[in-house]
Amino acid sequence: MLLFENNDADSLFHAWKRIAKRRENRKVIIVLSDGYPSCAVYGVDSPKFLHDALKAMVQRVSDDGVTLIGIGIRAAAVKHFYPKWEVVSSVTDLSGRVIDNVSKMLLGTQFVVDNSKLGEGRAA
């Protein structure tokens, strides 16, 4: 596949190929998204084609044992494509609430994370 505009399936394919070369037992890809895939691929710009391609790639990567997490930034499209997902209303939510929830997705509910003070500076 060639990279054009915002081809999520193609981007995920390239990330998967890179992470597949790593030796770690557990592999995780976190995708940040601002909406649905949108591009012209080989002259085809059908949303259904792009959505089906992304769903197929997510399945292929998941079947390979990679944990996929979609994070939607002001867009809930990730819930239609990724097995684990989180939607935030602001980029500033990434540093706290999302990190907490992603940690729980990866480590389970027995792991308690408190990032409530993350980003608070201290006066010198």
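Helices (H or I, at least four residues) and strands (E, at least two) are DSSP runs, numbered from the N terminus. With that in hand, leucine 50 can be placed in helix H2. This is a predicted model, where local features need pLDDT of at least 70, side-chain atom pairs count only at pLDDT 80 or more, and totals for chains, interfaces and linings use all residues. Residues are numbered from 1 along each chain as its sequence is written, and side-chain values use heavy atoms, with hydrogens and water left out.

Start with the overall layout. The chain has three helices and three strands. Read from the N terminus, their order is α-β-α-β-β-α. The accessible surface of the chain comes to about 8,100 Å². Carbon and sulfur atoms account for 53% of that surface. Such areas come from the Shrake-Rupley method with a 1.4 Å probe, and for residues only the protein chains shown count as cover.

Next, burial. A residue is buried under 20% relative accessible area, exposed over 50%, and partly exposed in between (1.4 Å probe, protein chains only). Of the 124 residues in the chain, 36% are buried. Contacts tell another part of the story. Contact means heavy atoms within 4.5 Å. Take the contacts between residues at least 6 apart in sequence: 51% of them join residues at least 24 apart.

Leucine 50 gives a local view of helix H2. Leucine 50 counts as buried because its relative accessibility is 4%. Its C-alpha lies 7.9 Å from that of aspartate 8, although 42 residues separate the two in sequence.

Now turn to helix H1, where isoleucine 19 is found. Its relative accessible area is 15%, so isoleucine 19 is buried. Beyond its neighbours within four places in sequence, isoleucine 19 is in contact with Lys27, Val28, Ile29 and Val66. For isoleucine 29, the C-alpha to C-alpha distance is 8.2 Å, at a separation of ten residues in sequence.

Arginine 18 also belongs to helix H1, which spans residues 8-20. Arginine 18 has 67% relative accessibility and therefore counts as exposed. It joins Lys17, Lys21 and Arg60 in a positive surface patch. Patches are made of residues with over 30% relative accessible area and no salt bridge; like charges are joined within 9 Å, and nonpolar side chains (Val, Leu, Ile, Met, Phe, Trp, Tyr) within 5 Å. Lys and Arg count as positive and Asp and Glu as negative, while His and the chain ends are not counted. Each charge is placed at NZ of Lys, CZ of Arg, CG of Asp or CD of Glu.

Opposite charges also pair up. A salt bridge is a side-chain nitrogen of Lys or Arg within 4 Å of a carboxyl oxygen of Asp or Glu. The whole structure holds two salt bridges. One links arginine 22 to glutamate 24, at 2.7 Å from N to O. Glutamate 24 is partly exposed because its relative accessible area is 37%.

Lysine 48 and aspartate 52 form a salt bridge at 2.6 Å, N to O. Both sit in helix H2 (residues 47-63), four residues apart, about one turn of the helix. Lysine 48 is exposed, at 56% relative accessible area. Aspartate 52 is partly exposed, at 36%.

Finish at the loop between strand S2 (66-73) and strand S3 (84-88), which holds arginine 74. Arginine 74 is not a glycine, yet has a positive phi of about 60°. Most residues other than glycine have a negative phi. Arginine 74 counts as exposed because its relative accessibility is 69%.
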